Amino acid sequence: MSLQIEALHKNTENMRQAEQAALSMLANMTLQDKLGQLCQQTSFSEEQFETLIEKVKKGQIGSVINEVNPDKINQLQQAAVENSPLGIPLLIGRDVIHGFKTIFPIPLGQAASWCQASVKNAARIAAMEASHVGINWTFAPMIDISRDPRWGRIAESLGEDPFLCSVLGVAMVDGFQSEDLAGPNTLAACAKHFAGYGACESGRDYSTTNIPENELRNVYLPPFKAAADAGVATFMASFSDLNGVPASGNPWLMDQVLRQEWHYSGFVVSDWESIHQLEIHGVSEDQQDSAKQAITAGIDMEMVSQTYAKHLPELLTQGKIAMSVVDASVLRILKIKFALGLFEKPYQQASPLPQTLNPGHLDAAKQLAIKSCVLLKNDQQRLPLCQSKLSQIAVIGPLADDGYEQLGTWVFDGEEQHSLTCLNSIQTYLHGSRTQLRYHRGLPTSRSHDVSALHDVIEMTAASDVALLFLGEESILSGEAHCRAEIDLPGAQHELIEAVAQTGTPIVLVIMAGRPLTLEPIIDKVDSILYAWHPGTMGGPAITDLLFGEASPSGRLPVTFPRKVGQIPLYYAQKHSGKPATAESFVHMDDIKPRAAQTSLGMAATHLDTHYSALFPFGFGLTYSSVDYKDLAVSQACYAMQEQVEVSVNVTNTGKHAVLETVQLYIRDNVASVTRPVKELKGFQQVALQAGQSKQVIFNLSSQDLAFYGRDMQLVTEPGRFQAWIGGNALSQLTTSFELTAQV
Ligand code: GLC
């Protein structure tokens with residue numbers, strides 16, 4: 001099944017006209033006019049803002065970043081349109097990553113919904129709110145494949161899998177840009193960070209990345225290709241160096257791949273001062289050299305650093321770069337400005353958003369938060385709670401009532417005052433009932449080691465029928481530059497769980513975090529675990545509805561949960577190796593006999609001190625019911641290359657609660673010219689099933705869906721044997737196979 005990417009053609013006519021308009025404008029531009037379009041600037045004070053206005057009036061700036069005051073945005077646009085030499089409107093850029101005022105779950109949480117429609121709607125709402133104040137460009141979606149939860153920016157990603165990341169990244173692009181980029185309330189989107197940033201060494205942000213071209217093309221580039229095909233208006237270069245060449249000066253990425261192979265026609269912006277950083281990377285002699293390398297590589301616009309403004313004139317006069325290079329960049333930027341309709345509606349009379357948020361937006365945020373939560377454990381069906389059977393509930397933890405922390409990372413414009421917390425929502429839910437609620441923060445913060453309150457917590461818990469623990473990470477512990485070498489629950493949270501477990505009161509653990517955490521040390525101490533990521537403004541009502549059964553959990557993991565940090569990188573689509581780990585071959589270190597012979601432990605790809613499996617696999621998530629998969633079948637045992645491979649299965653809700661089941665299709669290419677993953681997600685469908693209901697689910701795979709980049713770095717589908725699985729997560733065992741024959 002090919003990605004249902006809505007290609008650019010819906011905007012193609014708009015783009016064609018934009019190209020014509022940009023070409024005729026370019027013909028009338030002076031060098032100064034041109035250089036101005038390549039520069040994005042910001043201001044941190046009133047004085048700097050005045051300087052900005054003056055530069056805009058001279059046509060020395062083409063874009064402004066991080067201005068959100070509608071009056072100031074109107075001033076800037078008026079200066080550009082009415083005072084600058086050619087009256088070219090500005091691009092007003094902002095990181096609108098998971099909401100503007102109404103904050104949705106962090107992108108990793110949104111990915112756990114596996115719901116294109118909800119993710120697209122969230123981006124649409126964000127675009128409506130942000131464009132209301134005059135913003136017309138967002139630096140999202142972030143579609144870096146992330147397989148290292150030590151990396152803080154995994155929070156901002158759509159997870160570890162190229163297929164899921166592509167589908168949801170395109171949904172975000174479509175949401176931000178809507179059907180008509182020139183229409184009202186649109187934002188130009190930005191596919192970032194191109195490319196391979198998520199493979200930063202040891203999960204340390206900005207550190208070097210070394211990705212073989214085959215891996216790059218099969219894993220890290222597909223989401224960017226999908227976004228390009230879907231018509232994303234812009235790309236952003238990553239900070240990192242890729243195989244020795246920083247992205248901000250990398251012609252292989254920015255020209256060979258993006259322009260020659262993909263024929264991408266939008267523009268590329270650097271990351272914040274990433275052109276200036278080429279000298280720090282040690283690949284450029286000085287800032288003139290940095291500017292030369294960046295513009296010739298294909299970085300069209302410079303974010304904040306000013307190497308272009310300062311050095312392009314001399315590079316041109318010294319003949320070190322050709323004017324055609326500058327013209328190409330200016331043309332691409334102007335085209336997006338025309339395509340955005342900025343010349344028709346230069347400043348859409350930006351105005352402040354009302355203080356009370358739109359109820360429809362808030363409900364959408366609640367629904368997406370519900371779909372984002374993943375039920376990881378639910379012993380004895382502890383959840384959903386039956387309020388009428390509970391006389392006292394203990395609500396405990398530093399994240400139970402913190403409207404700021406639940407918003408998560410990359411929230412510049414969301415406000416704590418709008419958040420509804422879990423404590424607040426549970427109190428509302430229990431209002432008027434006989435069930436008493438007792439609350440204790442337990443720890444001052446998620447990182448605190450102050451256990452002085454544990455005695456009170458124990459006393460309160462012992463008198464309760466159930467303890468609801470709200471633990472995890474504060475928002476500052478994930479996001480850009482916020483990486484962790486250990487990824488367990490911070491502070492004294494383990495001690496808190498231990499103390500509460502001593503009382504014997506059943507424990508429901510709700511975790512808010514910006515990454516997978518290593519939960520193995522506490523997993524046997526709690527009855528249920530609901531993983532809420534950072535759920536956003538409406539986290540409280542969403543989690544309350546799930547806890548009390550007003551809604552059913554349907555979230556599925558977009559990323560693997562390791563047992564220990566030492567297993568990282570650990571992801572489902574790993575290569576088989578020549579000596580794969582197996583249950584038979586695994587011997588835990590604690591079970592090794594004294595003086596065991598060197599070769600007595602079996603020889604396999606595993607660690608001695610931890611089981612080789614994930615704690616929770618990609619695609620995993622429990623529901624309040626049980627779902628059975630059977631009758632997996634392919635319509636024929638053998639297919640010709642040009643035929644569609646049809647794979648079907650019957651799915652039955654064998655429990656008592658209605659479910660939304662995410663039916664996942666994985667394949668393996670058993671023999672290929674390069675080693676292929678043990679499994680690859682190639683399709684998913686969300687199926688609503690009432691208790692007892694069955695449905696047949698059918699997937700169709702084309703030969704393109706089975707293609708990969710081979711030894712010669714060309715996309716190829718090779719005939720041979722394939723295995724297929726359909727199930728509720730990456731470990732599902734229901735399997736079949738089919739043969740693909742060469743063209744008949
Ligand atoms: C940051 C980030 C990038 C963001 C940009 C503008 O450093 O790397 O994702 O869009 O700067 O804030």
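This is a short dialogue on reading some features of a predicted model.

Biologist: What should I know about the numbering and the model before we start?

Modeller: Residues are numbered from 1 along each chain as its sequence is written, and side-chain values use heavy atoms, with hydrogens and water left out. The model is predicted, so local features need pLDDT of at least 70 and side-chain atom pairs count only at pLDDT 80 or more, while totals for chains, interfaces and linings use all residues.

Biologist: Glad to have that. Is T307 buried or exposed, and why?

Modeller: Buried means under 20% relative accessible area, exposed over 50%, and partly exposed in between, with a 1.4 Å probe and protein chains only. T307 has 3% relative accessibility, so it counts as buried.

Biologist: Where is T307 found?

Modeller: Helices (H or I, at least four residues) and strands (E, at least two) are DSSP runs, numbered from the N terminus. T307 is found in helix 13, which covers residues 307–317.

Biologist: And what does T307 touch?

Modeller: Contact means heavy atoms within 4.5 Å. Not counting residues up to four places away in sequence, T307 touches I275, H276, Q287, A291, E302 and L312.

Biologist: Let's turn to the sheet. In which order do the five strands run?

Modeller: Two strands pair if DSSP finds at least two bridges between them. Here the order is 18-26-25-20-21, in an open sheet with mixed pairing. Strand 18 (638–640) and strand 21 (680–689) are the edge strands, each pairing on one side only.

Biologist: In which sense do strand 25 and strand 26 pair?

Modeller: Strand 25 (residues 720–727) and strand 26 (residues 735–741) are antiparallel, over six bridges. Within this pair, G720 stands opposite L740 in strand 26.

Biologist: Now the interior. Which residues touch the most other members of the largest nonpolar core?

Modeller: A nonpolar core is a set of buried Ala, Val, Leu, Ile, Met, Phe, Trp, Tyr and Cys residues joined through side-chain atoms within 4.5 Å. In the largest one, of 116 residues, F194 and F235 touch the most other members. Helix 7 (residues 162–177) gives the largest share of this core, nine residues. Apart from it lies another core of 43 residues, among them A112, L376, V559 and F561.

Biologist: One last residue: where does L353 lie?

Modeller: L353 is in the loop between helix 14 (323–339) and helix 15 (359–372). Leaving aside neighbours within four places in sequence, L353 is in contact with F100, K101, E129, H132 and V133.
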